[in-house]
Structure formats: structure tokens, C-alpha cells
Amino acid sequence: LLGYPDEPDNDFEGIDCHFCHRMYEGPGGTPFTQNGQYWVDDGTPTEEPVRRGPYEQSFAPHPSAKSDYHDSSEFCGACHDLRNPLQNLLDDQGVDTGRLFPEQTTYTEWEQSAFASEGTSCQDCHMPPAEVDPAFACNSFNPARPAATPGDDAPVYRHDLAGANTFMLEVIKGEYGAALGRTEELQAGIDRAIASLQGAATIEMQTGTIAVTGDTLDVDVTVTNLTGHKLPTGYPEGRRMWIELVATDVLGVPFFVSGDYDESTATLTEDAQLRIYETHHGAHGDGPGFHLVLNNRIYSDTRIPPRGFVPDIDTAPLGRTYTLLPDSTLAHWDEAKFRIPVPTNVQGPVQVRATLRYQTASRDYIEFLRDENVSGPDPHDRNYPAAVSRGHKIHDLWTQYGKSTPVDMVTTDT
């Protein structure tokens with residue numbers, strides 16, 4: 001496709017090469033940085049749109065231009081900062097702050113962190129240089145043209161865009177992978193998402209040297225955020241991360257568990273010491289809830305800030321205190337303290353293991369979609385023609401593909 005807006009079925013092409021590489025800053029050079037707003041070059045009736053990127057590629061089979069915008073985090077912010085244009089943020093007293101409600105603020109979190117001031121962009125982490133030589137910028141590369149390498153020292157960047165969502169990639173692989181001939185590629189995407197999660201944090205643990213039966217064992221677990229945004233970030237509905245702490249006796253039998261997750265029922269046990277990182281939004285007066293368009297209040301935000309974080313009212317932690325450092329930024333780590341009761345019949349030595357776990361879609365969120373969606377069946381869906389609604393469809397898929405199985409990010413034991 002050339003990318004003209006009047007082409008048949010253009011709306012069904014998704015986010016492809018032509019979309020991103022036709023984007024530009026817009027008149028005046030000031031880009032949008034929220035709500036999926038963007039300027040796109042549609043060309044003219046007689047000329048193709050200009051494709052933009054980090055290099056000038058005169059050998060390309062279409063008009064091209066160098067674009068510093070494509071190297072900037074502002075490019076990513078066009079879609080990765082969302083504010084409700086119909087709801088203002090209310091404070092805990094219900095007072096209107098005069099600011100649009102921040103549904104998700106990944107770009108703003110980066111902007112308020114040390115990563116922004118140090119010049120580390122979203123692309124530096126999510127679009128690393130290709131590790132193969134030669135690397136080609138397009139899978140329809142024509143050998144008759146010069147190799148698609150912009151220069152001896154100029155890399156071609158990978159377009160993996162790995163994040164954290166393994167669940168939907170599992171669904172797409174299972175439902176459409178074979179038909180599209182993309183099963184292996186989708187699995188590679190899942191593997192990259194897992195690697196992304198496993199590189200997003202570190203975990204350390206300190207314990208008392210002796211566990212006395214009939215007493216308690218003090219355990220301190222420190223989780224450090226290595227990313228350039230909150231951990232986790234993105235849409236808040238159903239997305240969460242927590243510490244699973246397990247103490248076992250000499251035979252490996254657990255006698256204490258915090259953060260226990262039952263995979264058969266997709267239930268996270270909310271014990272008294274559970275350390276969880278998530279956000280709860282809701283409508284003032286109604287409490288936390290998943291009604292995206294109605295929410296106007298942040299009830300809690302316990303996610304770990306990025307390094308060098310200076311938040312505003314949209315992004316400030318709520319429900320957990322992060323240490324204010326001497327440079328007036330918030331600590332980018334969380335120190336979780338556990339007290340483990342040691343029964344009198346426990347035989348040592350005792351082992352304690354801490355695992356940081358991440359989940360894309362909680363049971364509560366998926367059941368909300370199932371129960372609240374009254375849109376009726378999707379007449380275009382050949383795979384689920386009898387589904388009562390799209391909400392029932394996603395519940396069925398969630399159940400079929402592991403109920404958004406949590407990913408183990410990092411583990412430590414002692």
C-alpha cells in the first residue's frame with residue numbers, strides 16, 4: 001500500500017511500516033505527545049508520501065527524508081501517553097484539579113526521569129541495533145539496489161519493540177499464527193518479551209542469619225527498577241507485579257508463602273504481607289473500578305519509579321512511600337520487609353526464595369470485561385461466531401491460553 005487514506009480496507013492494515021515512517025512533527029515542528037494524535041504524510045494525488053527515518057536513503061524506491069523526530073521519545077509519546085479528554089483528575093477529596101485524567105503515562109514517566117535528562121530515548125531500549133551484518137531495513141529489499149545499510153558506522157535498528165505482554169502474543173500465535181505463517185515469529189516475540197521483563201529489574205534479599213523455631217525470621221527484599229519508566233508501566237487495568245516469597249524447611253516443604261498464585265483459578269492470595277506493584281483507578285465516590293471512560297480518580301499507585309524521578313500530580317506514587325533522595329528525586333527501588341513466623345516443628349536449615357512475578361491480565365479484569373460487555377456477538381468473527389459478546393470472547397481466549405500466566409522476572413534465594 002502507498003498509504004493513501006482512500007485505499008480499500010486501509011483501516012484494517014494496522015500499524016505497519018508505512019504508518020510510522022509517514023509520521024512527522026506537524027506544522028510548526030511541535031509533535032503531539034499523547035492520545036494517539038499524530039500527523040501523517042498522505043502525499044498528493046500524483047506523488048507518493050515521503051517516508052521518514054533516521055537516515056537519508058536516496059536509493060529507496062519512494063521519496064525519503066531524514067527525520068530526527070523518529071529518533072526521539074516524543075515519537076513514541078504520541079501513543080504511549082493517554083489522558084481522558086472527557087474526565088478531569090479529581091483529588092482524594094473530589095476536588096477538580098483542572099487536568100485531564102491520566103489513564104497511562106509512560107512517556108511522562110520517562111520525561112520526568114533521569115533517562116530523559118541524560119538523553120536515553122525509548123528507542124535505545126526498545127529498538128536496539130541489529131546484530132547481524134548485513135542488516136536490511138525492509139523485507140522486500142531489492143538486490144539491485146545498494147545494501148540498506150546507511151553507513152559503515154550507522155546501524156540498522158531492530159523493530160522488535162519488545163514490551164511485557166506475552167499473553168496477547170500467545171493468543172495471536174494460537175489463533176492466527178499457522179494461517180499467517182508466523183508461528184515461529186510470534187514465538188520469537190514472546191521470547192523477547194520475556195527477556196525484556198527479565199532485564200527490567202533486579203532483586204536482592206537479606207535475612208537474619210538464624211531462624212529460631214517459635215520465633216520470626218526478618219527478611220528484607222529490595223526490587224530495583226532498571227527501566228526508564230515506572231515498573232510496571234502502560235495501561236493499568238489488570239496489569240500487576242508482585243513479590244512471591246517462599247520459606248521452606250530442610251525437606252523443601254513450604255511453611256510460609258506470601259504472594260501465592262493459583263494458576264488453576266488465576267487467583268493471587270492477598271495475604272497481609274503481600275508486596276504488589278499496580279495502579280487502581282476509579283470514579284470518585286464509587287471506589288476502584290475498570291470503567292476506563294468513567295474513571296476520574298487515582299486510588300493507588302504503588303509502582304516503582306524510574307531512576308531520577310521527579311513526579312507531578314499525575315504520576316506521584318500513592319499508597320506507598322518511596323524515599324526522597326538528597327537530589328530531590330525519588331528512589332527507584334522498593335524495600336519490602338517480611339516477617340516470617342517459624343513454627344516450632346520446622347527442621348532447618350531454612351531456605352527463603354523471593355521471585356518477582358508479572359501478569360498482563362488479572363482474573364478480575366477479564367471477568368469485568370466478560371460481565372460488563374453487552375455489545376452482542378461480533379458478526380465478522382469466524383472463529384467465535386457463537387460468542388455472546390466480545391467480552392465473552394476475550395474471557396474464552398484468556399481461559400484457553402493459560403489465563404495470562406505470570407512471568408517470573410528475577411529470583412534470589414538464601
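**Entry 1: helix α9**

I looked up what the buried residues of α9 pack against, and found α6 and α8 (363-372). The model I am reading is a predicted one. I listed the buried residues of α9 as G391, K393, I394, H395, L397 and W398. I recall that an α-helix has 3.6 residues a turn, so residues three or four places apart point the same way.

I then examined the start of α9, where a side-chain oxygen of S389 comes to within 3.2 Å of the backbone nitrogen of G391. After α9 I noted G402, which has a positive phi, near 85°.

**Entry 2: residue H392**

I located H392 in helix α9, which covers residues 390-400. Is H392 buried or exposed? I found a relative accessible area of 28%, so H392 is partly exposed, since that class lies between the limits of 20% and 50%. I also recorded a polar contact of 3.2 Å between the side chains of H392 and S389. For a distance across the model, I took the C-alpha atoms of H392 and L274, which are 30 Å apart, with these positions 118 residues apart along the chain.

**Entry 3: helices α6 and α7**

I compared the axes of α6 (residues 166-180) and α7 (residues 183-198), which come within 9 Å and cross at roughly 175°. I therefore entered α6 and α7 as roughly antiparallel to each other, an angle over 145 degrees being the condition for that term. On the side of α6, the contact is made by T166, L169, E170, I172, K173, G177 and A178. On the side of α7, I listed T183, L186, Q187, G189, I190, A193 and I194. I sorted the residues of this contact into seven nonpolar, five polar and two charged.

**Entry 4: aromatic pairs**

How many aromatic pairs are there? I noted a count of eight. In one of them, the ring centres of F19 and Y38 are 4.8 Å apart and the planes stand at 90°, so I entered the pair as edge-to-face. F19 belongs to helix α1 (residues 17-20) and Y38 to the loop between β1 (23-24) and β2 (39-40), so the pair ties together parts 19 residues apart in sequence. F19 is buried, at 11% relative accessibility, whereas Y38 is partly exposed, at 37%.

I next read the pair of Y24 and W39, which is tilted, with 6.4 Å between centres and 45° between planes. This pair links strand β1, which holds Y24, with strand β2, which holds W39, across 15 residues. Y24 is partly exposed at 24%, and W39 is partly exposed at 34%. Finally, I noted that ring pairs join Y24, F32 and W39 into a cluster.

Conventions:
Residues are numbered from 1 along each chain as its sequence is written. This is a predicted model: local features need pLDDT of at least 70, side-chain atom pairs count only at pLDDT 80 or more; totals for chains, interfaces and linings use all residues. Side-chain values use heavy atoms; hydrogens and water are left out. Helices (H or I, at least four residues) and strands (E, at least two) are DSSP runs, numbered from the N terminus. Buried means under 20% relative accessible area, exposed over 50%, partly exposed in between (1.4 Å probe, protein chains only). A polar contact is a pair of N or O atoms within 3.5 Å; within protein, one must be able to donate a hydrogen and the other to accept it, and residues adjacent in sequence count only if both atoms are side-chain atoms. Axes are lines fitted to C-alpha atoms, for helices over the stretch in contact, and angles run from 0 to 180 degrees between N-to-C directions. Angles under 35 degrees count as roughly parallel, over 145 as roughly antiparallel, 65 to 115 as roughly perpendicular and the rest as oblique. Contact means heavy atoms within 4.5 Å. Ala, Val, Leu, Ile, Met, Phe, Trp, Tyr, Cys and Pro count as nonpolar, Asp, Glu, Lys and Arg as charged, and the others, Gly among them, as polar. Rings of Phe, Tyr and Trp (its six-membered ring) pair if their centres lie within 6.5 Å; planes under 30 degrees apart count as stacked, over 60 as edge-to-face and the rest as tilted.
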